[in-house]
Each structure stands twice: as structure tokens, then as C-alpha cells.
Amino acid sequence: MTREDSMRSTVIDRFNDVCTQHPDALALISDEVRLDYARLHARVARMAGLIEHHFAAAVGRAPRAEDIVALSLYKGVDLYVAILATLWVGAGYVPLDPTLAADLQAHILDTSCAAFVVTTRQSPAAAADRCIDPRDAEACAPSPAAAPRAPEDGCYTIFTSGSTGRPKGVRITDRNLLNLVDWMRAEFAFAPGRRVLQYSTINFDASILDIFPTLLSGAALCIPTGDQRLSAALLEEFCTRHQVDLAFLPPALLGVLDAARFPALRDVLTGGEACSPATLANWGAGRRLYNLYGPTECTVLVSFKPMATATDRTNIGQAIPGVRLHVLDDDGRPAARGELHVAGVAVSSGYVGNEAATRALFVACPAVDDGLLYKTGDIVDRDTHGDLHFVGRTDRQVKVRGYRIELEEIEGALVRLGCPQAAVKLSYGELVAYVVLPTGQDIDDLRRRLAETVGEFKVPSIFRAFERLPLKPSGKMDHDALPDLAPAETPTAPTPPEPASDVLVQLTALWSDVLGVPAHTLDAGSNFRHLGGTSIKIVRMLSAIERRFAVRVPFAEFLHNPTLGFLFTALQTP
């Protein structure tokens, strides 16, 4: 990156420069599309023209810096065009993953005050007159020029898990984002020819790591389909076919994949939870493996650590440029162990429409730092080399498969669904719900309704029903008194199966290994999801089936009927 590049202070300035300097370089790659920067720029201009047309028709003016446009699109060219077009017209965007529960989408739209939703389908949370169909851009006159932007204008707003059951929106500016982009471009040599995997979903801020450093440097963003994301074999084939050489992948997924099958992948970024020793051994040799750490409130990441087999897996390293990290004790004094506080250009201005939460977590401490400090809630140790090591949390927030989750959010949702009592805790890496069931409901019904409320990725893997839950003398829930529950335990005790064939015996053994449940408790009606089977475990199990039986079972088909009997039938079908 040249000094002239660093002087360009807005995202859209950088994008326009890249399109001028590298018009023939590939920008977006999928199995169906290969789009260079010249054609991407033209599509962005047309989409910008469409957005401007809707603003003029609906509110009689051009978009402004305070305006928000929601993007409810599956991965594909239209999504990335819409992101850039929203910034082109001078507004900011909020990702609205179409797979999110309808009431969660409505909360995001209401809290962000989004003016329009860019979508190819009727949004369940927005009126028809607020929707913009990106397919209409083809017939629209292009916007003649990008609207002026300032470094402090909002670029995107991403919603994090909330302790009250209502996720909080974090507004990130161009200035916040470009500090991250500049470090990544320098550290990982982003340039034309580099090929970057766009794995993370758009409601997860790790997607920012894929999208912006790539499209603001002339590199190519490689976009897998939903099926390719959720199949180890298909993801391997996709990355090999398109020569992907950099990817951010969560530790749980790295634990499923075989590093030897990704020969072009030179730089692997991960974070959100600790890698296992086996994962470090698998991915830490012959390539660069980075552990990244950071909260959404501080623009995705604030520290990094190059990892090797011998590296302490709790090591989250040291600050990226532009960031200052302070370890403070309970009295706000610097200490070797304490709560991590973040200062510097990465820190956002707080939560959208939530002043109380902003005041609680974004604090001033002049004796330590002249800037605003964000209280991460993470307890860390600083070693003699200056590296930070994650120890635990000060609250009941957890990370599961890279997602930051407030346990109180799920508990609050369960109570609103009618449970007289509900508690959630993390046990052996999985979320477990302890509930007093509403009258007339069973666990399957409660699980389904909870998924519609908070989203599938926040639904506990295991549910246990009780007549009452333990309380402290104060009347508050006694979480410490809840019985620990390993994923091997289940709410019911299935009858032992009578294997009909060697195939069923092998399938049962495979489930037992992946889920950590005794084989004798499994039968044809056993449900993988109800036994603690996460999306990553499904990928692992289906990959093992493909290797053993040479049969590929689509992720979506199994998700629709996640039983042992379904898999047995699928393997018997020619």
C-alpha cells in the first residue's frame, strides 16, 4: 500500500481507485460468475442509481450519511454489489441474513431505522414499498458519481447478541474499517492475483475480514454456494478449483478439514475460540496460521498471533496498529491479569439506540488512556513477551462455534415462549437448556419456536425438562446448582437398536464417535440435532460417510430429516 493509498479516507474512494488502477483484475469468482473490477464498478453504479431512484420517489431527496439500507440477500454478486452501492450513495448498510428469524429481522430493521431493504423476495419483516429488488438495476440509469463521504460516516451496522434478548447494533465508520483494511493489506499482501475465500455469513462480522480488504486491494473474492460451505468435500473442491490462497475459517471447521487437501491455501486466519492441539498440528505447518481476536464493538479484531504447533492455544497475541490494549484490575489499574479494555481508532461510538448499554461498556479512564475504552468483559493474562492469553469472561457471555452469545438472551426468549423457569449454560462446549416446560408443550415444539425467535445458531444442542429449577435464597436462579451435562447425555433414553445390516452398524458407530454418545443408545429414530449435533458436526459426519461409503448426502437434505434411519435409507438407495 502506498502513502497515497493511505490518504484516501473513505471506503468508496478506495474502491473507485482500485477499479481505475486494475480494471481487468478479477474481483468476484464463483462457479457461475467471474467478474472483473471494470464490470463490478459498472454494476455498482447501476445499483446505486436504483437506490437513489427509490429514495427520490419515497422521500423526495438523495440518501444521506445517517440513512441505513438493509441487505437481505444470499451470497452472490448482488450482495457485494449492494454493499458497495449503498456506500456509493453515501448511506450505510445493515446485513439482514435471510435465514434469521422473522422477529429478529424486524428488530434489526426497527432498531437500525433502515429506510429500505434490498432483497429479491418479499421480506417477512418489511412492507413491500420498502423493498428494492436488485434485479431492477439492469434497467436503471447508473449513478453518475459517488456521493461525498466523510471518514466518520457510518459504513455498516452489525447486531451482536444481547443480554435482554434484544441484540445490540454496533455502528462502524469508514475510519474504523480502513484501519483494519490497511493492516490486513500490509500483513497479508493483498493485491491483484490474491484469491480470498468469502466463507462467513454476512450477519457475522468475520465476513468483513473477507470482503473489504479484498475488494479495496484488487484481489479476488471467491464465493462458495451454501452447499459448498456446508460440505467438507465440496469446500475442498471449490478452494482447489479456484486456487484460494487465504481464508478465515472457524476453529471448529478447521478441525473437520484436512489441511493436506488445501494445497493452495497459504494463509489461514481463525478466531472466536481456541484451536485444539490437533488443529494446530494439522494447519500450523507449511503455511501461516493466525489466531485473531476482537469484539464487534472494535471493528472485528484488535489483536493477532501467528500460531505454531507449540504455541499456547489461548494466546491472542498483541495489538494491531491503531489499537491500544489495556489490562485493568477491578479498581481500573494496570495489571498482569484483569479485564481487557480496548482504545484507539478501532473502537466504535457505541450501540445504536441504546445509550444505557453504551454508557456501561464504553468508558473514560484518563489515568490510563486519553481515548474512550471499550470494556470487553474478557479476562486476560499478559505474559513476559507482551502477549495476551484469554482466561475467561466476567459475565455469562460465551462463544460457541465462533458466535458470541449472551446466555440471558436465550433464557429471556424461553421465558417469553411460556417457560415458567429457564436456564442455559455451556457444558462441554455445547449449549444446554434447563427448562420447566409450558403446559401442553414438548421439547421439540419448544426447540422449533425458539429457533424462530432467536435463530437456529443460538438454539441449545440439548434440552432437559424439570419440574422446577434451583434458586438461591435471594430468589435468583442458581446456575451453579444445575447439573453438568455432557453431550453424551440426552433427554430421553432410546431403546437399543437391532442392526439390520453392517451399514447400519457402521453408521451407528460413526454417530457415536462424532456425537460422543454410547452406540447402544442409538436407533433408527435417533435425531442428530437433538443429540447435540451442530452444523460443524454434521459436516464432519457427512464427510466421513462420503469417504467410507462413496455416497454424498446433501447437507440440506439431512438437515430436513436428521435421523439415523434417513441416512441408512439414503445409503441403500441406488
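**Close-up views of a predicted model**

**View 1. Strand 24 and strand 25 run side by side in the parallel sense.** In this predicted model, strand 24 covers residues 430-436, and four bridges link it to strand 25 in a parallel pairing. Want one pair to look for? Find Y434, then hop over to strand 25, where its bridge partner is R464.

**View 2. Here's the open sheet that these strands belong to, with three strands in the order 23-24-25.** The pairing in this sheet is mixed. Which strands sit at the edges? They are strand 23 (421-427) and strand 25 (462-465), and each of them pairs on one side only. On average, neighbouring strands of the sheet are turned by 20 degrees against each other, if you ignore direction.

**View 3. Helix 14 lies across strand 24 and strand 25.** This helix takes in residues 443-454. Compare its course with that of strand 25: the helix runs at about 130 degrees to the strand.

**View 4. Now step back to see the protein as a whole, with its 18 helices and 25 strands.** The C-alpha trace spans about 70 × 65 × 50 Å along its principal axes. Why does the radius of gyration fit a compact globule? With 574 residues, such a globule would come out near 25 Å, and the protein has 24 Å, so the two agree.

**View 5. Last stop: what's buried, and what's on the outside?** Of the 574 residues, 57% count as buried. The protein exposes about 23200 Å², and 53% of that comes from carbon and sulfur atoms. As for contacts between residues at least 6 apart in sequence, 61% join residues at least 24 apart.

Methods
Residues are numbered from 1 along each chain as its sequence is written. This is a predicted model: local features need pLDDT of at least 70, side-chain atom pairs count only at pLDDT 80 or more; totals for chains, interfaces and linings use all residues. Side-chain values use heavy atoms; hydrogens and water are left out. Two strands pair if DSSP finds at least two bridges between them. Helices (H or I, at least four residues) and strands (E, at least two) are DSSP runs, numbered from the N terminus. Axes are lines fitted to C-alpha atoms, for helices over the stretch in contact, and angles run from 0 to 180 degrees between N-to-C directions. Contact means heavy atoms within 4.5 Å. The radius of gyration is taken over C-alpha atoms; the globule rule is 2.2 Å times the number of residues to the power 0.38. Buried means under 20% relative accessible area, exposed over 50%, partly exposed in between (1.4 Å probe, protein chains only). Accessible areas come from the Shrake-Rupley method with a 1.4 Å probe; for residues, only the protein chains shown count as cover.
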